[in-house]
Amino acid sequence: MNRFNEKPLLTIIIPVYNVEQYLEKCVESVIPTTISYEIILVDDGSTDSSLNKCMKLEETKENIKVIHKENGGLSSARNCGLSIATGKYVAFVDSDDWVDKGTYDILLNKLKNKDVDILKFSYLIEYDGNVIEEHNILSNGFYDREQIEKLILPYAFGGDKLADSTIQKINLSSTSNIYNLEFLKSNDLEFISEREVGSEDFLFNIEALLNAKDILVVDECLYHYVQRVGSLTKQYRKNLYQQYSNLCKCLYMYMDKKGVLNQYNNEYNHFYICLMYICIMNECNEFAPGARKQKVEKVKNILNDKGF
């Protein structure tokens, strides 16, 4: 059902995979009350009742579309949603997370009839009954291209500390950004599979920042990122070294294409070192397979990597 005849202001894309117990809370939370919208639920080959719940939501709620596809991962599902999105702006929400009621009304009303390429906001992390606010280091307000180049992009690569968290410096989580859809399409921006590069959000958002003309920052924590038991952050990641090597290669090639390698050479090198450090720590993880000698050999291989 659709109560808006005009092109919606916002498309909300929600990839869905085996989240039957979380899906309804997620969808209920994102529904705006004052702006025109569409919600695209992309079922990524769920094996539980998630698809049935999607279909029921499509039947009983307004402005919801459902796509069912074979399992391809988060990036594939987001790209699938992007391919049929019609809103002026697009937001991404993970289906086991949720947002404060009225989040997208609040954020898009902050634009005050001004078009921007990206709107960045803050989020909360929920785990084991704890809630932590994660803020950008950026102040509220509009940033033009010169400010993006001088103030935002250098920090987006991770700040100035070894293995510093990029998200804690400049928010690079796609779920706490809103993008101008025409901006994404005109710059051919889409997600590369997390199965290939380990972190689909980092690559996507660095590429977006390298193209953005203007950004609005709203430092309000409205998105609830829920860390479940068994989070990847607490596991050994078998292919992490290969994935992060691929990520660095993709980023290097894109920066070369945009002609900014010299401009951000130090930042790129710092980022590369940070990722290799994370790979080393992954191999030293107590859950990493193999005897000590095998782990040492894997670490040596990482240290001998010459990069790009």
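**Strand 10 and residue N79**

Guide: G141 faces V217, a residue of strand 10. This model is predicted: local features need pLDDT of at least 70, side-chain atom pairs count only at pLDDT 80 or more, and totals for chains, interfaces and linings use all residues. Residues are numbered from 1 along each chain as its sequence is written, and side-chain values use heavy atoms, without hydrogens and water.

Visitor: What makes a run of residues a strand or a helix?

Guide: DSSP runs do, numbered from the N terminus: E with at least two residues for a strand, H or I with at least four for a helix. Residues 214-226 form strand 10.

Visitor: How do you know that strand 8 and strand 10 pair?

Guide: Pairing takes at least two bridges found by DSSP between two strands. Strand 8 (residues 141-144) has four to strand 10, so they pair, antiparallel.

Visitor: What about strand 5 and strand 10?

Guide: Two bridges join them, antiparallel. W98 stands opposite H224 there.

Visitor: In which sense does strand 6 pair with strand 10?

Guide: Parallel, over nine bridges. Here L124 stands opposite H224.

Visitor: What makes strand 10 mostly covered?

Guide: Of its 13 residues, 10 are buried. Buried means under 20% relative accessible area; exposed is over 50%, and partly exposed lies in between (1.4 Å probe, protein chains only).

Visitor: Why is N79 called buried?

Guide: Its relative accessibility is 18%, so N79 counts as buried. N79 sits in helix 3 (residues 74-84).

Visitor: Which residues does N79 contact, beyond its neighbours within four places in sequence?

Guide: E190 and F191. Contact means heavy atoms within 4.5 Å.
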